[in-house]
Amino acid sequence: MGRRPPVNPWGCRKMVKIGIIICDRYRTCAGGKCFRALREREGAFSIYRGQDVEVVGYTTCGGCPGGNIEYAPAEMKKNGAEVIHLATGFLVGYPPCPWIDYFKKFIEEKYGLKVVLGTHPIPQKYYVTHKALGTWDSPEWEERLKYVLCDEETRRKYD
């Protein structure tokens, strides 16, 4: 028997409110892959299966070394955010973001918000390149990629 989604005092399913921060390299991104993955509950958004989700903020990190990381989570928290997703672009860019672990720790410590690494599944083209480069050949990367390293069929859908 499956787990029932959390309910609020009125017996309705609990709405999870999230913020999404993308790497500034992709500042012109319209969010299509992230929002599709959220709708389909794929990649890192698979953790919300059976739950309602509302995006209460979407912005860039502000560029290296992440100047917007200091302020954006505060606004998102004021809008009810409980979880911040650092988008998949932080993980798959060339090179991956060298600040991602610091961003995660900073947001969790300063704002008391849970931080999830990733949004949509890793596109296959990025997977192939990073595998060839050996970028992700460590236990640390296995942990960072745990929500977005899907099967090949799913990765191909996000190319």
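Where in the chain does His-120 lie? In this predicted model, His-120 is found in the loop that runs between strand E4 (114-117) and helix H5 (124-133). Although part of a loop, His-120 is buried, with a relative accessible area of 9%. Its surroundings can be listed: apart from neighbours within four places in sequence, His-120 is in contact with Lys-33, Cys-34, Ala-37, Gly-43, Phe-45, Thr-88, Val-148 and Tyr-158. Two of these names, Cys-34 and Ala-37, lead to helix H1, where both are buried.

Helix H1 is best introduced through the strands on either side of it in the chain. Strand E1 (residues 15-22) pairs with strand E2 (residues 52-60) in the parallel sense, and eight bridges join them. Between the two strands the chain passes through helix H1 (residues 32-40), and the resulting β-α-β crossover is right-handed. One of the bridges can be located by residue: Ile-22 has Thr-60 in E2 as its bridge partner. A general point about strands may help when viewing this region. In a regular strand, side chains alternate between the two faces of the sheet.

Which residues of H1 are buried? They are Cys-34, Ala-37 and Leu-38. These residues lie on the same side of H1, because they cover an arc of only 100 degrees around the axis. The cover over the buried residues of H1 includes E2, the strand to which the crossover leads. Just after H1 comes Arg-41, which has a positive phi, near 55 degrees.

The next topic is the nonpolar interior. In soluble globular proteins, nonpolar side chains tend to be buried together. In this model, the largest nonpolar core has 42 residues. Those with the most contacts inside this core are Ile-18, Ile-21, Ile-84, Leu-86, Phe-90, Ile-107 and Ile-122. Strand E1 gives the most to the core, with five residues. Ile-84 offers a view of the packing from a single position: leaving aside neighbours within four places in sequence, Ile-84 is in contact with Gly-19, Ile-21, Met-76, Ile-107, Leu-113, Lys-114, Val-115 and Val-116. Ile-21 and Ile-107 therefore appear both among these contacts and among the residues with the most contacts inside the core.

Charged side chains form another part of the picture. Side chains of opposite charge can pair when their charged atoms come close. How many salt bridges does a search of the whole structure find? The search finds eight, and three of the pairs are described here.

Asp-24 forms a salt bridge with Arg-27, and the closest N and O atoms are 2.9 Å apart. Asp-24 counts as buried at 16% relative accessibility, because the limit for that class is under 20%. Arg-27, by contrast, is exposed, with a relative accessible area of 54%.

A salt bridge also joins the side chains of Arg-144 and Asp-101, at 2.5 Å from N to O. This pair links distant parts of the chain, since Arg-144 belongs to helix H6 (residues 139-144) and Asp-101 to helix H4 (residues 100-111), 43 residues apart. Arg-144 counts as buried at 15% relative accessibility, whereas Asp-101 is partly exposed, with a relative accessible area of 37%.

In the third pair, the side chains of Glu-143 and Lys-146 meet in a salt bridge of 2.7 Å, N to O. Glu-143 is partly exposed, with a relative accessible area of 48%, and Lys-146 counts as partly exposed at 44% relative accessibility.

Key:
Residues are numbered from 1 along each chain as its sequence is written. This is a predicted model: local features need pLDDT of at least 70, side-chain atom pairs count only at pLDDT 80 or more; totals for chains, interfaces and linings use all residues. Side-chain values use heavy atoms; hydrogens and water are left out. Two strands pair if DSSP finds at least two bridges between them. Helices (H or I, at least four residues) and strands (E, at least two) are DSSP runs, numbered from the N terminus. A crossover is right-handed if, with the strands pointing away from the viewer, the path from the first strand over the helix to the second runs clockwise. Buried means under 20% relative accessible area, exposed over 50%, partly exposed in between (1.4 Å probe, protein chains only). The arc is that of the directions from the helix axis to the C-beta atoms. Contact means heavy atoms within 4.5 Å. A salt bridge is a side-chain nitrogen of Lys or Arg within 4 Å of a carboxyl oxygen of Asp or Glu. A nonpolar core is a set of buried Ala, Val, Leu, Ile, Met, Phe, Trp, Tyr and Cys residues joined through side-chain atoms within 4.5 Å.
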